[in-house]
Amino acid sequence: MADQSTYNAATSISSASATRRTLLKGFAAAGAAVSMGSKLAWADGEIGYWAKDLPNEKLVDMYSTILRIRWFERTLADKQLSDRSFRNLIHLYAGQEAVATGVCAALNNKGPFEQLDVIFGTHRPTGHALAKGVDMKKLAAEYNFKATGLNRGYAGEMHLSDKSVGYIGADGIVGPAAVLAAGSAFAFRARGNKQVAVAFGGDGTFATPAFHSSLNNAALLKLPFIYVVENNLYHQFAHYSYSTPMKDIATAANTYRIPGIVVDGQDVMEVYNKTKDAVERARAGEGPTLIEAKTYRYYGHWGAPGAKVGEMGSFGYDPQAITSWRPEREMRAWLARDPVDICRNTLVSWGVIDQAKAAAIEAAMKEEVKEAFEWEAKQPLCKPEDALKHVFVDGTVAARQFG
Amino acid sequence: MASKSSMYAMYEAVQHEMRQRKDMTWLFELTPAVASNPGMSVINLEKEFGRTRVNNTGIDEMWMAGATLGAGLVGTTAVTFIPYQGSQVPFELIQNHAGKLRYMTGGDAAMPVVFIVEISGQAAGFGGQHSDYECDSYFAHIPGVKVVIPSRPYDVKGMMASAIQDPNPVVYLFPQALRQLSEEVPDEQFTVPLDKAAVRTTGSDLTIVSSGAGMMGVLEATAQLQKVGMKVEAIDLRSLKPMDTETLVKSVQKTKRLLTFDQSYYTLSPGAEVIARVAENVDGARYKRIAFPDAPPPASPEMFNWMRPNASHIVAAATRIMG
């Protein structure tokens, strides 16, 4: 396996490479090199395009995941516009699929909880959840607050959690997930095993105190922590230039003397490559990495304002756009570089699938989504009295609303 | 069994649990993870368990609380000692994350964590910020964390053991004033329940309720009152959430007089909650509240000593409530 051979190469390094690495360390210290990447990728001519080593089955799975997320989100958008029986508030992930898919493809998502890599998500959870391996039916039911949903109707969209695949959870609060994830990484290091913790955060998290706290402590303690900033240019309704003094959030990594990587978030292979670097670093005990994925969301901050049933994307007037108005041309420019298209074109040009197979996969994913929502529609609502459960591990709390 | 200070008793409990669990973690800031006691071996958590498990952080309470919670979420028992003045910086992590994650995930999130929150009883000369005893009420209002507050070294150890062993997140309030107390504490590990108040003296005339550092004044006042023939039932809450309503109600059913004593501010102090619970369940009782006024503690000793309620205030109020 390429991973193992590269790791072995790194451990038997020649003096020439050592000098080169020292030189690169010097660049990093001077702040001149933003994208230092993993030492492992820069030794012995390794180019770091790890996607080349993925088996066809895995590549097809990545394509399917992107489509799964895409059609789940498009269905949610349509329901938001046309189906009163579907009650959820939704923060749609369409447009960012390659980021969640590429990152999770580089992680360990199967096995006992004590051996999984874990991810901490955001208030925009669908992509991370599905890419990590959460059951789509249970996800749909949870979004509609059903008793048989992923978290029994207690979570809704923003507090999803599925430990069986290492998805610690979505988080309705912007920022703190990063500190929690770094804390999990702290626990992994205390255990002495190779688990890795990933925190996803938007461009808005740069301004939060948790950004500094998580990276500072992860760097000081060399924790197996990866911070993936999904920079979709807007936090809620404001352009990120209102809160970030530089164009590339990744340059913040210089403060902590850790690698800061900018990656094209719409190209799942590139996301995979850079995440793999970071995961290898983490497992080798070399510390955290900050990855900034440049990406875009096709819908507003939440809901689907200005969208039409059956068409993708929010256009036109957005009553929520208090500060920044997303220009239609900006949106259309990003739509022209769609993650689904990029992935499909890559796989076709690599000869992994042909156009007919690609279309068949898309049809199958649409069908899977359709079935998930049909299943969801048949699920029962929650029993009101169950609201007194699960505050603590045991027992229920007292009802106080009756006087 | 030996006479031990509160700090030594606490670290004994922690050390025992850290020996049982090979990956349990302890995060601290200014308070070194060291305790000594005359005639006993020094406890040094950092030396014994190493820096991958025991870590001294920067002045970053968000990290201390967040990392502890993040470690708990992946199955590691984790404890942090947040020094006084520091507990409100990560309040959101405890209130909106630890307090709600189990519930929001429909029972999935596991958080075997303890947030030790040191609260400084107000002291003359330090001024307003260097005293944050008021945090008792802030944490008690959170639905999903247990909030406990020992008042003596024996309970410090027993409740620490229980808190670490409890699968729920626990806010363990540690009043700084307890550092000056010593008493006989067993060497072996033992537990004290986290949901039961302790009746320190029994009597049928008057119930006095307090918690934490307040108990010192209560016990001093009780001794004085008993000398003049008053039969006082002094109750140590020990737990603010869940609060032991049953013990409180049973006592006031008997005495029909309730005096609460708090070192924190008057509005929404733990005593207010005590009286509300008792009033719901007992007819015809009389109530009095003693608390620090709704003002930050002043630096001047003349002002501070006048404001700060102590045993003499309890004695005077008890006499009035009897009349």
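Which residue forms a salt bridge with B:Lys4? In this model, which is a predicted one, the partner is B:Asp187, and the closest N and O atoms of the two are 2.5 Å apart. Since B:Lys4 lies in strand E1 (residues 2-5) of chain B, and B:Asp187 in the loop between strand E10 (182-185) and strand E11 (198-201) of chain B, the pair ties together parts that are 183 residues apart in sequence. The surroundings of the two residues can be stated as well: B:Lys4 is buried, with a relative accessible area of 0%, whereas B:Asp187, at 41% relative accessibility, counts as partly exposed.

Let me go on to two further pairs in chain B. B:Lys146 forms a salt bridge with B:Asp166, with 2.7 Å between the closest N and O atoms; here B:Lys146 belongs to strand E8 (residues 146-148) of chain B and B:Asp166 to the loop between helix H7 (153-165) and strand E9 (170-175) of chain B, so that parts 20 residues apart in sequence are tied together. Both B:Lys146 and B:Asp166 are buried. In the other pair, the side chains of B:Lys231 and B:Asp205 meet in a salt bridge at 3.9 Å, N to O, and this pair links distant parts of the chain, 26 residues apart. B:Lys231 is partly exposed, with a relative accessible area of 45%, while B:Asp205 is buried, with a value of 16%. Salt bridges that share partners also join B:Lys4, B:Glu12, B:Lys157 and B:Asp187 into one network.

B:Glu12 brings me to helix H1 (residues 6-20) of chain B, whose 15 residues reach 22 Å from the first C-alpha to the last, close to the 21 Å expected at 1.5 Å a residue. This helix is mostly covered, in that twelve of its 15 residues are buried, among them B:Glu12, B:Tyr8 and B:Met18.

Turning to the interface, the contact takes 39 residues from chain A and 38 residues from chain B, and the area buried between the two chains is about 3,300 Å², of which carbon and sulfur atoms give 64%. Two salt bridges are counted between chain A and chain B, and one joins the side chains of A:Arg152 and B:Asp108 at 3.3 Å, N to O. Across this interface there are also 16 residue pairs in polar contact. On the side of chain A that touches chain B, strand E1 (118-120), helix H7 (177-191) and helix H8 (209-221) of chain A each supply at least two residues, with H7(A) giving the most, eleven residues. The residues of that side divide into 24 nonpolar, eight polar and seven charged.

How values were computed. Residues numbered from 1 in each chain as written. Chains lettered and ligands numbered in written order. Predicted model: local features only at pLDDT ≥ 70, side-chain atom pairs only at ≥ 80, totals over all residues. Heavy atoms only, no water. Helix = DSSP H or I, 4+ residues; strand = E, 2+ residues; numbered from the N terminus. Expected span 1.5 Å × (residues − 1). Buried < 20%, exposed > 50% of the residue type's maximum accessible area, 1.4 Å probe, protein only. Contact = heavy atoms within 4.5 Å. Buried area = accessible area lost by both parts, 1.4 Å probe. Salt bridge = Lys/Arg side-chain N within 4 Å of Asp/Glu carboxyl O. Polar contact = N/O pair within 3.5 Å; in protein donor to acceptor, adjacent residues only side chain to side chain. Nonpolar A, V, L, I, M, F, W, Y, C, P; charged D, E, K, R; others polar.
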